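Reader: Could you walk me through this one while I have it open? I'll just ask as I go.

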Amino acid sequence: MLWSGWGDPAKAAELPPPVRRLLADLLGVRAPERPAATFGEVRLPASALSPLVLSTLSSMVGGEHVRFDDDARIRHTRGKSTPDLLRMRAGDGADAPDAVVLPGSHAEVAEVLRICAEHRVAVVPFGGGTSVVGGLVAARKGFAGVVALDVARLNRLVSIDAESMVAELEPGLRAPQAEQLLAARGYTLGHFPQSFEYATLGGFAAAGSSGQASAGYGRFDDLVVGMTVATPRGTLDLGRAPKSAAGPDLRQLILGSEGAFGVITSLRLRVRPAPAVRMYEGWRFAAFPAGVAALRGVAQEGPAPTVLRLSDETETMVGLARPEELGTLTAEPGCLVIAGYEGTPGDVAYRRERTAATLSEMGGVPLGPEPGEKWAHGRYSAPYLRDSLLAAGATVETLETACFWSGLPRLYEAVRQALTASLGSPLVMCHVSHVYATGASLYFTVVTAQSEDPVGQWESAKRAVNDAIGLAGGTISHHHGVGRDHRDAFALEIGDLGVSVLRGVKERLDPAGILNPGVLIP
Ligand SMILES: Cc1cc2nc3c(=O)[nH]c(=O)nc-3n(C[C@H](O)[C@H](O)[C@H](O)COP(=O)(O)OP(=O)(O)OC[C@H]3O[C@@H](n4cnc5c(N)ncnc54)[C@H](O)[C@@H]3O)c2cc1C
């Protein structure tokens with residue numbers, strides 16, 4: 001993973017000259033005055049951990065699993081939001097942890113937490129490091145240092161209960177590794193977020209993740225039937241049955257808790273048979289509201305496809321055009337729906353036929369498999385393009401929200417207006433990314449010219465969007481989580497009483513407050 005960007009440097013995407021010209025003409029994008037910092041130019045604070053803490057941690061997990069070299073510290077600094085990348089590109093390593101600790105078992109995780117609580121050292125649980133909400137930056141004040149607790153060594157497929165279709169997997173498995181291990185036994189999780197290549201199972205559970213195939217397989221929460229969690233006060237072992245009436249479901253308290261309540265050390269997850277058939281196709285709707293109505297029809301009438309998403313007019317135009325056509329297209333492209341089906345041949349045929357009937361009844365025009373296959377082929381490529389756009393002087397960032405169907409048009413307009421009012425004339429694209437019988441999520445991508453202070457520029461736009469989402473009745477996040485970036489908006493969403501409930505839980509599980517301080521709970 002690139003320390004100041006996304007993914008495998010070999011997959012870096014070059015911006016075609018027509019795109020560069022368009023960015024300049026349409027958005028006023030100019031190349032940044034200063035080149036991005038090199039690895040050696042990153043300014044790191046001196047490691048604050050005492051030799052006593054370092055040696056105690058080393059004697060617990062082994063010296064080679066406690067790292068405080070620049071490489072380890074820089075690679076565990078922040079996550080992968082655009083402000084995170086802009087700060088790294090500016091050489092700002094101020095949020096680096098003092099050390100990175102890699103425990104190899106649940107017992108070692110528990111011991112690391114005990115040692116850190118005793119010495120008042122803050123602990124940031126670290127999975128794939130792909131958080132986009134500031135979930136990996138601990139507040140330092142009042143602590144004797146910060147360690148990143150990287151779960152990379154907890155990376156086994158522990159067992160499969162074939163009768164129940166439940167697999168026990170460790171949290172440090174990255175999604176492709178997990179899929180490979182399961183595929184060898186004929187199964188899949190079906191969880192394919194855009195961060196698939198690098199994010200981990202523990203991170204999915206801790207951040208409330210949702211994959212691109214959520215219409216068919218469900219969100220990651222829906223897959224979790226059990227988990228083991230190490231906390232500074234002991235171990236939580238949760239989940240004896242798919243559902244239970246034995247009081248409130250404590251699994252729900254850990255899902256989305258972003259490392260603030262404990263470290264997930266094992267997950268019991270629902271698995272499905274690996275699909276024999278995968279097919280994706282495109283549909284065109286004349287306008288976004290018509291497409292939204294059609295998706296609602298499919299989600300409410302069922303059966304659901306595996307993938308169902310709808311791009312608005314702008315996103316459709318940018319996605320469909322070849323680089324040399326961008327900015328010259330005059331024909332109304334309408335709005336593109338991608339419908340995908342995974343499963344047995346019979347099941348795919350049945351769901352496809354039923355979905356097609358609803359989509360065409362609601363005014364959709366079938367475009368055949370080509371747009372669907374193009375989408376499937378490029379589904380993980382956008383983050384690489386972001387790096388090239390940042391280097392060219394454009395800020396590109398994404399954000400997401402959700403609400404009930406009746407509020408969706410208002411929410412869509414509110415976010416677009418907030419972005420436009422705060423950024424001048426940005427390019428704002430949106431798609432309906434996840435659908436339910438009762439509502440849906442909206443995923444926005446915005447591109448604008450970088451100002452002299454691109455981080456400040458984005459932060460003020462994001463504040464305006466957060467306010468707009470709150471006023472329009474949306475949730476501050478459907479699947480990216482809260483982190484530090486959404487903490488205040490989240491507090492408004494759940495109210496003072498809600499915040500005090502979470503504080504109470506935190507106090508009980510983590511009395512010294514060492515776990516991810518400053519994240520999730522104000
Ligand atoms: C390019 C890009 C595309 C993305 N696309 C999607 C998408 O399609 N869908 C989606 O849902 N998200 C997406 N995300 C957001 C991100 O990938 C998810 O939030 C993901 O769940 C984070 O997983 P991770 O392993 O990288 O976790 P990290 O970033 O390492 O951690 C995320 C949070 O969980 C905590 N944590 C991590 N592991 C544990 C653990 N074992 N126990 C307790 N706490 C833990 C961390 O402290 C942090 O607060 C995207 C991000 C990027 C950069």
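**Sheets, ligand and odd spots**

Reader: Which strands does helix H5 lie across?
Author: Helix H5 (residues 106-118) lies across strand E8 (224-231), E9 and strand E10 (263-270), and runs at about 45° to E8. Helices (H or I, at least four residues) and strands (E, at least two) are DSSP runs numbered from the N terminus; contact means heavy atoms within 4.5 Å. Angles go from 0 to 180 degrees between N-to-C directions, with axes fitted to C-alpha atoms, for helices over the stretch in contact.

Reader: Anything I should know about the model before we go on?
Author: It's a predicted model, where local features need pLDDT of at least 70 and side-chain atom pairs count only at pLDDT 80 or more, while totals for chains, interfaces and linings use all residues. Residues are numbered from 1 along each chain as its sequence is written, and side-chain values use heavy atoms, with hydrogens and water left out.

Reader: OK, back to E8 and E10. What's the strand order in their sheet?
Author: That open sheet has five strands in the order E5-E6-E10-E8-E9, with antiparallel pairing. Two strands pair if DSSP finds at least two bridges between them.

Reader: Which strands are at the edges?
Author: Strand E5 (157-161) and strand E9 (234-238). Each has a single partner strand, so one side of each has no neighbour in the sheet. From one strand to the next, the twist averages 10°.

Reader: How many bridges between E5 and E6?
Author: Four, linking E5 to strand E6 (residues 166-169) in the antiparallel sense. Within E6, Ala167 is the residue opposite Ile160.

Reader: Switching to the ligand. How many residues surround it, and which are closest?
Author: The ligand is surrounded by 34 residues (each with a heavy atom within 4 Å). The closest are Pro125, Thr130, Ser131, Ser195 and Thr200.

Reader: Any polar contacts with the backbone?
Author: Yes, counting pairs of N or O atoms within 3.5 Å. A polar backbone atom of Pro125 is 2.6 Å from an oxygen atom of the ligand, and one of Gly128 is 2.8 Å from a ligand oxygen. On Ile264, a backbone N or O atom lies 2.9 Å from a nitrogen atom of the ligand.

Reader: And how much of the ligand does the protein bury?
Author: The protein buries 97% of the 970 Å² that the ligand exposes when taken alone (Shrake-Rupley areas, 1.4 Å probe).

Reader: Which elements give two or more residues to that shell?
Author: Strand E3 (122-126), helix H7 (201-207) and E10 do. H7 gives the most, with five residues.

Reader: What's the mix of nonpolar, polar and charged residues there?
Author: The shell divides into 14 nonpolar, 18 polar and two charged residues. Here Ala, Val, Leu, Ile, Met, Phe, Trp, Tyr, Cys and Pro count as nonpolar, Asp, Glu, Lys and Arg as charged, and the others, Gly among them, as polar.

Reader: There's an open sheet of seven strands too. What's its order?
Author: E15-E12-E14-E13-E17-E18-E16, with antiparallel pairing. E15 and strand E16 (394-404) are the edge strands, each pairing on one side only. Neighbouring strands are turned by 20° against each other on average, direction ignored.

Reader: How does E12 pair with E14?
Author: Strand E12 (residues 277-285) and strand E14 (residues 335-343) share nine bridges in the antiparallel sense. Gly282 stands opposite Ile338, and Tyr280 stands opposite Gly340. E12 also pairs with strand E15 (residues 365-368), antiparallel over three bridges, where Arg284 has Val365 as its bridge partner.

Reader: Last thing: any unusual backbone?
Author: Most residues other than glycine have a negative phi, and most peptide bonds are trans. Gly302 and Pro303 are joined by a cis peptide bond, with omega about -5°; Pro303 sits in the loop between H11 and E13. Arg78, not a glycine, has a positive phi of about 60° and is found in the loop between helix H3 (70-75) and helix H4 (82-89).

Definitions and conventions
A polar contact is a pair of N or O atoms within 3.5 Å; within protein, one must be able to donate a hydrogen and the other to accept it, and residues adjacent in sequence count only if both atoms are side-chain atoms.
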